[in-house]
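Reader: I am new to this structure and would like to learn how to read its features one at a time. Could you take me through it slowly, giving the general idea before each case?

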Amino acid sequence: MAGKVTKWVQPDPKRQNWYWPTDALRERAWVSDAKVYEQAAADPPSFWAQRAEEIVWFKKWTKAYEEEPYAFRWFVGGKLNLSYNSLDRHVEAGKGGKVALIWEPEPPDEPNRIFTYKELLDEVARFAGALKALGVRKGDRVGIYLPMIPEAVIAMQAVVRIGAVHTVVFSAFSPEALRDRLLDCGAKILITADGYFRRGKLIPLKPQADQALAGTQVQKVIVVRRAGNEIPLTPGRDVWYHEVLRGQSPVCQPEEMDAEDLAFILYTSGTTGKPKGAMHTTGGYAVQVYATCKWDFNLHDDDVHWCTADVGWITGHSYLNYGPLMNGVATVVFEGTPDFPDFGRMWAVIAKHRVTVYYTAPTAIRMHVKWGEEWPKKYDLSSLRVLGTVGEPINEEAWLWYFEHIGGGRCPIIDTWWQTETGATCVQALPGIGPFIPTVAGRPFPGIQAKIVDAGGTPVKTGEGGYLVLEPPFPPALLRGLYGDPEKYKGTYFAEFGPKLYFTRDGARMDEMGNIRITGRVDDVMNVAGHRLATAEVEDALSQHPLVSEVAVVSKPDEVKGEVPVAFVLLKKGVQPSPDLQKELIKTVDQHIGPTARPAAIYFAEDVPKTRSGKIMRRVLKALVRGDPLGDISTLRNPESVEELKAVVGYKG
Ligand code: PRX
């Protein structure tokens with residue numbers, strides 16, 4: 001991009017904090033005319049069919065979209081393969097020598113591993129062959145519990161190549177969390193690693209996997225050698241990744257998948273204690289991920305795309321693996337953390353690999369704001385073109401800091417709103433169109449119908465707060481179900497407003513141009529450092545401690561993490577609270593979910609506010625920890641509990 005533009009054109013003085021694309025951005029953009037929104041809205045299925053034409057189909061669809069209550073289908077009758085679209089098509093187009101994957105390992109002095117498209121395809125094909133040899137067939141579920149190493153991408157690609165279904169589980173999740181997911185989806189195979197590195201320390205992973213396997217249907221465990229730590233292998237069950245690859249051919253025909261065949265299941269937090277398996281199918285997912293990755297970040301052949309999300313989250317699935325690879329660019333896989341060996345680590349990686357697109361979470365940006373701009377200043381960040389954020393609302397301070405100190409005032413910030421359920425981004429500004437407004441995500445992507453409604457499903461007035469819903473034709477990548485629980489699918493997303501409106505469970509408001517500002521979840525789901533977590537999950541974990549009688553968890557705002565869980569614990573009769581017990585409770589959470597779910601505070605209480613029917617009033621607890629007005633508490637069964645808790649939490653409301 002030519003020249004550095006620090007001052008952007010702001011045509012409307014009333015919109016002083018609106019930023020618009022520079023000429024350089026417009027010139028490079030795939031779309032720079034806002035007419036695209038109207039054109040797509042006039043006929044969304046045709047719009048998506050045009051996008052679908054850009055990927056490769058073994059057989060073309062007969063109908064772009066069809067729908068009935070609680071079920072919709074995209075690209076009916078079409079046949080394709082995600083791995084073919086990620087790898088083979090580029091090799092066949094003569095781009096086999098282009099860099100596909102750059103691995104930046106945690107010990108910063110360890111050499112990078114770099115794969116060209118041809119090398120990645122060969123490795124994926126060999127592993128796909130190995131999986132077949134181990135008996136994996138189309139439709140079988142395969143668990144993946146891997147750190148951020150190239151094999152995580154290779155494993156996902158190999159699984160979808162043969163038509164099997166992956167379920168990736170975040171490597172920092174506990175054995176119990178892994179077991180729940182393996183059991184729920186009935187996985188036959190688990191792919192894991194011996195260990196990995198974090199902040200200079202070796203973290204064993206295989207022993208965690210071993211603990212998770214008891215009682216599951218897993219018959220084979222494939223272990224990648226990453227850290228070289230000693231691990232026990234169970235004969236007959238465990239095999240080394242490098243050994244199963246031996247002798248495999250670098251050619252493995254991709255399975256012809258129906259557009260509506262299941263591609264993967266990804267578990268996410270709902271309002272209950274039990275995570276639910278979002279089901280994503282092949283065609284719609286491929287098309288929306290491909291098209292949004294291309295337009296959101298304006299991807300061209302020479303781009304180096306770095307999405308910092310772990311592969312265990314949907315962002316890692318869509319914008320670290322499938323999106324960039326389907327677009328034929330280089331994707332960065334980073335094993336490390338932003339603060340090791342120092343606070344400049346991310347900026348050093350950008351400078352080293354000449355990263356052009358950087359996609360991260362507001363919580364990470366807030367951390368960098370705290371560490372100070374002297375860290376990015378030390379590095380040459382001039383390769384960056386587009387910055388992205390995802391996962392939670394971004395505050396203005398973080399937005400402006402990111403814009404100025406990382407983007408140098410030249411890079412648009414693409415604030416993408418979406419969910420595990422939507423599979424791909426749905427609301428965002430486009431780099432060639434804008435506007436880019438701090439704290440405002442933007443317009444729904446062309447071809448996506450979103451509106452803000454009140455509790456009765458009626459659209460609210462411009463600028464008023466309400467619930468964000470998606471309308472038919474539903475986004476191509478939207479989940480088709482919850483694994484094994486069709487009723488829960490209906491109940492979670494379509495109970496409030498019926499089958500014609502998908503309820504996102506987010507609050508939002510929209511301006512007169514159609515730009516949407518997300519205000520946050522309206523249910524008991526938290527965003528903790530960009531990780532989605534239900535308060536019920538943390539309650540469920542804590543209540544498993546033998547000394548706990550009752551527990552209530554609410555979220556509290558946090559300067560860096562966005563939100564953190566706070567727990568109120570009632571102990572069994574005769575049990576005395578103590579700092580040791582507090583530590584034990586934290587351990588219980590680690591054991592059942594993982595350290596990401598640790599409460600920021602555990603308050604021991606004699607009682608918690610309850611309704612007359614005995615339901616815990618989490619609204620009052622939330623107000624107590626936030627210092628908000630408590631509202632009417634006269635209808636409580638035990639209003640005196642509130643007085644006691646005021647002292648416990650230091651309430652100054
Ligand atoms: O509340 C919204 C928030 O994250 C939720 C989805 O979380 P998860 O399924 O883990 O997926 C995160 C990555 C796609 C949403 O319901 N959220 C996501 N992106 C944004 C956001 N909130 C505000 N602005 C965003 N850009």
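Author: Let us begin with how elements are named: helices and strands are DSSP runs, a helix having at least four residues and a strand at least two, and they are numbered from the N terminus. Please keep in mind throughout that this is a predicted model.

Reader: With that naming in hand, what phi does G408 take just after α15?

Author: Just after α15, the residue G408 takes a positive phi, about 55°.

Reader: Which residues of helix α15 are buried?

Author: The general idea is that an α-helix has 3.6 residues a turn, so residues three or four places apart point the same way. In helix α15, which covers residues 396–406, the buried residues are A398, W399, W401, Y402, F403 and I406. These buried residues pack against several elements, among them α12 (345–353), β18 (357–360), α13 (362–371) and β20.

Reader: How should I read a pair of aromatic rings, and how many aromatic pairs does a search of the whole structure find?

Author: A pair of aromatic rings is described by the distance of the centres and the angle of the planes. Searching the whole structure gives 42 aromatic pairs. In one of them, F47 and W48 have ring centres 5.1 Å apart and planes at 80°, so this pair is edge-to-face. Both partners can be placed by accessibility: F47 is buried, with a relative accessible area of 6%, and W48 counts as buried at 0%.

Reader: What kind of pair do the rings of W48 and F445 make?

Author: Here the centres lie 5.9 Å apart and the planes stand at 25°, so W48 and F445 are stacked. Since W48 belongs to helix α3 (residues 44–52) and F445 to the loop between β22 (443–444) and β23 (449–453), the pair ties together parts that are 397 residues apart in sequence. F445 is buried, as W48 is. Elsewhere, one aromatic cluster is formed by a longer list of residues, including W57, W61, Y65, F474 and Y502.

Reader: Turning to the ligand, which residues around it come nearest?

Author: There are 17 residues around the ligand, and those that come nearest are D415, T416, T420, D506 and R532. For polar contacts, one looks at the distances between N or O atoms: an oxygen atom of the ligand is 2.6 Å from such an atom in the side chain of T420, while for the side chain of D506 the distance is 2.5 Å and for that of R521 it is 2.9 Å. Taken alone the ligand exposes 540 Å², of which the protein buries 96%. Two or more residues of the surrounding shell are given by each of α11 (314–326), β20 (413–416) and β27 (516–521), and the shell as a whole divides into 6 nonpolar, 6 polar and 5 charged residues.

Reader: Is N327, in the loop between α11 and β17, buried or exposed?

Author: N327 counts as buried, because its relative accessibility is 13% and the cut-off for buried is under 20%. Leaving out residues up to four places away in sequence, N327 touches H90, Y290, C293, K294 and L299.

Reader: And what does P557 touch, setting aside its neighbours within four places in sequence?

Author: P557, which sits in strand β30 (residues 548–558), is in contact with G562, E563 and R626 once those neighbours are set aside. At 48% relative accessibility, P557 counts as partly exposed.

Conventions
Residues are numbered from 1 along each chain as its sequence is written. This is a predicted model: local features need pLDDT of at least 70, side-chain atom pairs count only at pLDDT 80 or more; totals for chains, interfaces and linings use all residues. Side-chain values use heavy atoms; hydrogens and water are left out. A residue is near a molecule or strand if one of its heavy atoms lies within 4 Å of it. A polar contact is a pair of N or O atoms within 3.5 Å; within protein, one must be able to donate a hydrogen and the other to accept it, and residues adjacent in sequence count only if both atoms are side-chain atoms. Accessible areas come from the Shrake-Rupley method with a 1.4 Å probe; for residues, only the protein chains shown count as cover. Ala, Val, Leu, Ile, Met, Phe, Trp, Tyr, Cys and Pro count as nonpolar, Asp, Glu, Lys and Arg as charged, and the others, Gly among them, as polar. Buried means under 20% relative accessible area, exposed over 50%, partly exposed in between (1.4 Å probe, protein chains only). Contact means heavy atoms within 4.5 Å. Rings of Phe, Tyr and Trp (its six-membered ring) pair if their centres lie within 6.5 Å; planes under 30 degrees apart count as stacked, over 60 as edge-to-face and the rest as tilted.
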